[in-house]
Amino acid sequence: MKPPVPEALVPRLLRFDTLGSTNAKARELAARGEAPGAVIVAASQTGGRGRGDRSWHSPEGGIYLSALLGARPGRRVTDLSFLAGIAVAETLRAVLPAAREISVKWPNDCLVDRKKISGVLGESLGEMGILGIGLNVNVTAEDLAPFRANPFPATSLLCETGTVHDLEAVLASLLASLFRWHATYLREGFLPLQQRWERHCAFLGKPVTVRTDEGDVRATCLGIDENGALVLSTERGERRHVHAGELVSLRP
Ligand code: BT5
């Protein structure tokens, strides 16, 4: 008999003014019994975290949240990062003009016209995933100046449109999309996520450089596999699946 499909979750918002890191708060609350569906939201962070030892600049005007979510039985919580990318891309699509390119970037950034507007930090806590999402909404160009020289320079909705956006409306739309896709994932598995993520990826068929522990790989991006690994076709024509790393550049 098939195991029962877990029930779809409804987001329960837990709001804070300033936090060190919403991911750290989520971990603390989960240890005290907070259940999946909880979403920790902060107006700003003083110690926002990126991947590895990197940090996430988190002034007021951005969205900083961590959602406690489960993976589908038998799957890994790393699946959840792809939910975040899709939800951010969908949210941005609804507010930006159609001419703007919105793309997910493996493993879990979201770009507008090749500039980084959002980052995701997925962590695991036993069976549960802590899905941290940072999205630059009304963050000013001045605030993002330290990241202007990055290979994928930082941007915000404010920088891209010149107007201030309704933070609450953007948050509501992001959470609706995130939880809708989570329900689809619980019901149908990773395949719909894989397909939708690839639809939001502007790098397919393009020559890219991917940084891995074993060095940089120059290859053509083909998509992601059933576990979320990046699928590449190397310059020697070999197919390669990269499980850990980062797409660091798009080559001309
Ligand atoms: C990420 O790391 O992109 C993951 C960021 C996750 C942030 C969220 S906010 C809510 C939750 N709570 C947390 O504590 N974290 C999560 P990574 O791929 O390592 O990128 C980090 C790099 O992006 C930094 O080294 C900077 O170069 C750049 N950066 C920092 N702040 C930025 C910002 N606000 N916008 C764009 N780029 C930024």
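In this predicted model, the side chain of Gln 45 places an N or O atom 3.1 Å from a nitrogen atom of the ligand. The backbone takes part as well: a polar backbone atom of His 57 is found 2.9 Å from a nitrogen atom of the ligand. An oxygen atom of the ligand, in turn, has a polar side-chain atom of Lys 116 at 2.7 Å. With the protein around it, the ligand loses 94% of the 790 Å² that it exposes when taken alone.

The ligand occupies the space of the largest pocket. Around it stand 28 residues, and those that come nearest are Ser 21, Arg 49, Arg 54, Lys 116 and Asn 136. By class, this shell is made up of 14 polar, nine nonpolar and five charged residues. Helix H1 (22-31) and the strands E3 (63-70), E6 (115-125) and E7 (128-135) are the elements that each supply two or more residues to the shell. Strand E6 contributes the most, with four residues.

Asn 136, one of the residues that come nearest to the ligand, deserves a closer look. Its place is in the loop that runs between strand E7 and helix H3 (141-144). Is Asn 136 buried or exposed? The relative accessible area of Asn 136 is 2%, so this residue counts as buried, the cut-off being under 20%. The side chain of Asn 136 also has a partner within the protein: one of its polar atoms lies 3.0 Å from the backbone oxygen of Thr 155.

Definitions and conventions:
Residues are numbered from 1 along each chain as its sequence is written. This is a predicted model: local features need pLDDT of at least 70, side-chain atom pairs count only at pLDDT 80 or more; totals for chains, interfaces and linings use all residues. Side-chain values use heavy atoms; hydrogens and water are left out. A residue is near a molecule or strand if one of its heavy atoms lies within 4 Å of it. A polar contact is a pair of N or O atoms within 3.5 Å; within protein, one must be able to donate a hydrogen and the other to accept it, and residues adjacent in sequence count only if both atoms are side-chain atoms. Accessible areas come from the Shrake-Rupley method with a 1.4 Å probe; for residues, only the protein chains shown count as cover. On a 1 Å grid over the protein atoms alone, a cavity is a set of points where a 1.4 Å probe fits but cannot get out, and a pocket is an open set with protein on both sides within 12 Å along at least five of seven lines; lining residues have an atom within 4 Å of a point. A molecule sits in a cavity or pocket if more than half of its atoms lie within 2 Å of its grid points. Ala, Val, Leu, Ile, Met, Phe, Trp, Tyr, Cys and Pro count as nonpolar, Asp, Glu, Lys and Arg as charged, and the others, Gly among them, as polar. Buried means under 20% relative accessible area, exposed over 50%, partly exposed in between (1.4 Å probe, protein chains only).
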